[in-house]
Each structure stands twice: as C-alpha cells, then as structure tokens.
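Subject: A structure for you to look through

Dear colleague,

I am passing on a structure that I would like you to look through with the notes below beside you. Please open it first, and then follow the text from one part to the next.

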Amino acid sequence: GNVTEDIFKIIIEEVEKDEKEIMFSKNKEYARDKDVLANFKRLGKEFGIDPLQVWAILFTKHVDSIKNFIKTGSVSSSEPIESRFFDARNYLLLGLALLKDPYMDEV
C-alpha cells in the first residue's frame, strides 16, 4: 500500500518517540556533565579542532552506515538500520544545538 499523509504522521510520531529515548539514553553515556554537547567540546579541545568538526566526523559515520546499508542490504553492527536513521536525525539536532551554543563564540 501507499504511505498516506495520515500514515506518515503516525510514522513521524513513532520515530520521534524512539529518537528521544535513544538521545537521552546515549547522552548519559557521552556527556559527563549536564552539557549535552560536552563530548564534542571535550574532543575538540583534546584534538585542537572545532567542536563542529568533531560533530561532522561523528555525523558522517551515521550517514556512511546508512549508505553502506543501501549499497549492501546489510548492517555491520548489532543495531537495526532504523537506529542509524534515528542517530542521524539526532545528530542533526545536536549540530544545530552546537551552532546555537554561546560557547561556540569562544572557539
């Protein structure tokens, strides 16, 4: 069948719910303090690059996983391909948050 606008709305709602769960569970793993962007800033400082460059490298990893799935039809991790799409969308939000972060004016 076709994905009607109503079905697409349901998909979006389900995806957003799953993405939020992933975002906040992974955030506990990566952010060592209350700053959800701490990982990008810490690695940027450690390697002498802009936190947005760190973000771009990590974001590209998720996009590469999606492209690899499209080319091969399989994933090379235990996570389902859907989680790579969730991660990519979450990374877009993190990148936007970095752009809006006042800290970035100091970099």
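A good place to begin is Val75, which is found in the loop between α3 and α4. Please bear in mind throughout that this is a predicted model. With a relative accessible area of 35%, Val75 counts as partly exposed, because that class lies between the limit for buried, under 20%, and the limit for exposed, over 50%. If we leave aside its neighbours within four places in sequence, Val75 is in contact with Phe69 and Ile81. The C-alpha atom of Val75 is also separated by 7.4 Å from that of Ser65, although these two residues are ten apart along the chain.

The whole chain

Stepping back from that loop, you will find four helices and zero strands in the protein chain, and reading along the sequence gives the pattern α-α-α-α. The C-alpha trace spans about 50 × 30 × 20 Å along its principal axes. Of the 107 residues in the chain, 28% are buried. When contacts between residues at least 6 apart in sequence are considered, 62% of them join residues that are at least 24 apart.

Helix α4

What end-to-end span should we expect for the 20 residues of α4? Helix α4 covers residues 81–100, and at 1.5 Å a residue it should span 28 Å, which agrees with the 29 Å that separates its end C-alpha atoms. Several residues of this helix are buried, among them Ile81, Phe86, Ala88, Tyr91, Leu94 and Leu98, and the buried set also includes Ser83, Arg84, Asp87 and Asn90. An α-helix has 3.6 residues a turn, so residues three or four places apart point the same way. Lys100, which also has its place in α4, is exposed, because its relative accessible area is 65%. The C-alpha atoms of Lys100 and Leu52 are separated by 11 Å, with their positions 48 residues apart along the chain.

How α3 and α4 pack

The axes of α3 and α4 come within 9 Å and cross at roughly 160 degrees, which means that α3 is roughly antiparallel to α4. In passing α4, α3 makes a left-handed crossing. The residues of α3 that take part include Trp55, Leu58, Phe59, His62 and Phe69, and those they meet in α4 include Arg84, Ala88, Tyr91, Leu94 and Leu98.

The nonpolar core

Which residues have the most contacts inside the largest nonpolar core? This core has 13 residues, and the ones with the most contacts inside it are Leu37, Phe40, Trp55, Phe59, Tyr91, Leu94 and Leu98. The elements that give two or more residues to the core are α3, residues 51–72, and α4, and the largest share, five residues, comes from α4. To follow one member of the core in the viewer, you could select Phe40, which touches Pro51, Val54, Trp55, Leu58, Tyr91, Leu94 and Leu98 when residues up to four places away in sequence are not counted.

Helix α2 and its packing on α3

In α2, the buried residues are Ala38, Asn39, Phe40, Lys41 and Gly44. Is Gly44, with a relative accessibility of 3%, buried or exposed? Gly44 is found in α2, which covers residues 38–47, and it counts as buried because its 3% falls under the 20% cut-off. Apart from its neighbours within four places in sequence, Gly44 is in contact with Ile49 and Val54. The C-alpha atoms of Gly44 and Val54 are separated by 6.1 Å, and the two residues are ten apart along the chain. After α2 comes Gly48, whose phi is positive, near 70 degrees.

Helices α2 and α3 pack at an angle of about 110 degrees, with their axes 8 Å apart, and they are therefore roughly perpendicular to each other. Their crossing is right-handed. On the α2 side the contact is made by Asn39, Phe40, Lys41, Leu43 and Gly44, and on the α3 side by Pro51, Val54, Trp55 and Leu58.

With best wishes

Methods
Residues numbered from 1 in each chain as written. Predicted model: local features only at pLDDT ≥ 70, side-chain atom pairs only at ≥ 80, totals over all residues. Heavy atoms only, no water. Expected span 1.5 Å × (residues − 1). Buried < 20%, exposed > 50% of the residue type's maximum accessible area, 1.4 Å probe, protein only. Core = buried A, V, L, I, M, F, W, Y, C linked by side-chain atoms within 4.5 Å. Contact = heavy atoms within 4.5 Å. Axes fitted to C-alpha atoms, helices over the stretch in contact; angles between N-to-C directions. Parallel < 35°, antiparallel > 145°, perpendicular 65-115°, else oblique. Left-handed = near helix turned anticlockwise from the far one by under 90°.
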